[in-house]
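Biologist: I'd like to learn how to read a fold from its parts. Could you walk me through one?
Modeller: Sure, let's put it on screen and start with the strands.

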Amino acid sequence: MKEFRFIHTADWHGDSDPIKQRKLEASLGQMVDYCQVNKVNAIIISGDVWEKKQSYADNSGVPMVITYLRHLSRLVDFIFIVKGNNSHDEPGSISLLHQMESNIYAYESPTILGIIGNNTVVDLVKPSAEVEPDYIISLFPYPTKAALLNVNSIDGSNEDYIQVLESILRMIGNVHIKYNVPKIFGFHGNVQGTRLSSGQTLLSQDIIVSPFTLQLAMADYYALGHIHLAQKVFYHGYYSGSIYNKNWGETEQKSFNVIKFVELHADDDREENQFDEEITDSGEYFIFINKVPLTAARPMISISGTFNEGKVDSTQELSADEIDAIVQGNAEVRLKIKVNENDRKLITATTEEELKKQFGEDVKIEWDVVPVERESRSEQIMSCRSYVDEVVEYAAVIGEEVPDSVKVKVEEIQQEAGL
């Protein structure tokens, strides 16, 4: 019985920021652990390997990503990478990863690859001979009008753009349909019907692709990247989500997807092939799809509150999952607390220690001091003959005295300004 197991991951966002580096390393470490105890045929990384333009320096995100790619390449048969959007994966930054190890394949243009055994990859668009692949990996980078239409303006014809996109996907589908083997399509982009984490903002010029258009590729599993919230978008179309919580508002548990294809014959016992989450039929194969939680990735929960009479009160309702994550110490928490200016002096080291006991030692506490409204109107200010008189009168309104040194300074400023 043939069986193939794949990891679908995306949105690594390797960066020079040390906090993000620690988070990324923790999640990649768990992926390594999984591959050490499970046979994995291939890893598909669906774009946004980088957070932004990176230079090869010790403190950049490059050394860590390369280290883990090399480590993973020794544990699996192949790694396939497709380019994300330009604001993260700068043009050329993904192709540089191509063949850095013999089993790492990275592309910045649409590609259809047939895999034979554990060491042969064939370009199925231009095969040198008839081949019988064991499975197919096709990759499609973030679609832009400039790339598909060879134009410099985003105002190019939408109709032309859609026609080109559909023709490419239909061509991929025409190749896929020739082979009765597992077919995975790695795509980086925004699919219609997608939900977002409150912490993720998308590009203002994001191109939204309909599920119907994407399914022209005729794949068995669509490995999607770009959206940080893991979810099923359409039949066999899944976002794996980012592998660490990047922003406040990304409160979901991060994960990566494992897809297992199992060839079943009439006399096979299907119960023996139960995987975990979902089972679907695809020709000669059953597909088992499972989310593997990245427990090192901690939800980032922002809580608003007020400080009254020496006590902090929350002003928002938390979900059961958020409360559980906080209680278990499995969340990063930011407290944004409004405090009246007159009550600021009531905040002591003990106050913050109590908050740390409740929300964790690494809780981020932001005190938003609200100034007391003061009555500053005075009819006599209108009749003052000098700036010194105005300052003295204003001070009297708010119950303050003006020292002689301040009066002298005001006169000096008035003279320098020629007023």
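Biologist: In which sense do strand β1 and β2 pair, and over how many bridges?
Modeller: Keep in mind that this is a predicted model. Here β1 (residues 3–9) and β2 pair in the parallel sense, over four bridges. To find the register, look at who faces whom: H8 stands opposite I44 in β2. Between the two strands the chain passes through helix α1 (residues 18–37), and this β-α-β crossover is right-handed.

Biologist: What about β2 and strand β3, in which sense do they pair?
Modeller: Parallel again, with five bridges between β2 and β3 (residues 78–82). A handy register mark is I43, which stands opposite I79 in β3. Together β2, helix α2 (residues 62–73) and β3 make a right-handed β-α-β unit.

Biologist: How many of the residues of β2 are buried?
Modeller: Five of five, for a strand that covers residues 42–46. Now split them by direction: A42, I44 and S46 point one way, I43 and I45 point the other way, and all are buried.

Biologist: Which residues sit on each side of β8?
Modeller: K183, F185 and F187 are on one side, with I184, G186 and H188 on the other. Both faces are covered, and all of these residues are buried. That fits the tally for the strand, residues 183–188, where six of six residues are buried.

Biologist: Which strands pair with β8?
Modeller: One is β7 (residues 135–140), which pairs with β8 in the parallel sense over five bridges. Its S138 has F185 as bridge partner in β8. Another is β11 (residues 221–225), which runs parallel to β8 and is joined to it by five bridges. There, H188 stands opposite G225.

Biologist: Now the rings. How is a pair of aromatic rings described?
Modeller: By two quantities, the distance of the centres and the angle of the planes. This structure holds 15 aromatic pairs. Take Y34 and F256: their centres are 5.6 Å apart with 80 degrees between the planes, an edge-to-face pair. The pair links distant parts of the chain, with Y34 in helix α1 and F256 in strand β14 (residues 255–263), 222 residues apart.

Biologist: Why does Y34 count as buried?
Modeller: Because its relative accessibility is 13%, and buried means under 20%. F256 also counts as buried, at 1% relative accessibility.

Biologist: Why is the pair of F185 and F187 stacked?
Modeller: Their ring centres are 6.4 Å apart and their planes lie at 10 degrees, so the pair is stacked; the cut-off for that class is under 30 degrees. F185 has a relative accessible area of 0%, and F187 has 1%.

Biologist: Which residues form an aromatic cluster?
Modeller: F4, F6, Y135, F261 and Y285 form one. Rings can also have a charge over them: K260 lies over the face of F288, at 5.6 Å from the ring centre.

Biologist: And zooming out, how many helices and strands are there?
Modeller: Nine helices and 20 strands. Of the 419 residues, 49% count as buried. Among contacts between residues at least 6 apart in sequence, 69% join residues at least 24 apart. The accessible surface comes to about 21500 Å², and 47% of that belongs to carbon and sulfur atoms.

How values were computed: Residues are numbered from 1 along each chain as its sequence is written. This is a predicted model: local features need pLDDT of at least 70, side-chain atom pairs count only at pLDDT 80 or more; totals for chains, interfaces and linings use all residues. Side-chain values use heavy atoms; hydrogens and water are left out. Buried means under 20% relative accessible area, exposed over 50%, partly exposed in between (1.4 Å probe, protein chains only). Two strands pair if DSSP finds at least two bridges between them. A crossover is right-handed if, with the strands pointing away from the viewer, the path from the first strand over the helix to the second runs clockwise. Contact means heavy atoms within 4.5 Å. Accessible areas come from the Shrake-Rupley method with a 1.4 Å probe; for residues, only the protein chains shown count as cover. Rings of Phe, Tyr and Trp (its six-membered ring) pair if their centres lie within 6.5 Å; planes under 30 degrees apart count as stacked, over 60 as edge-to-face and the rest as tilted. A charge sits over a ring if NZ of Lys or CZ of Arg is within 6 Å of the ring centre and within 35 degrees of the ring normal.
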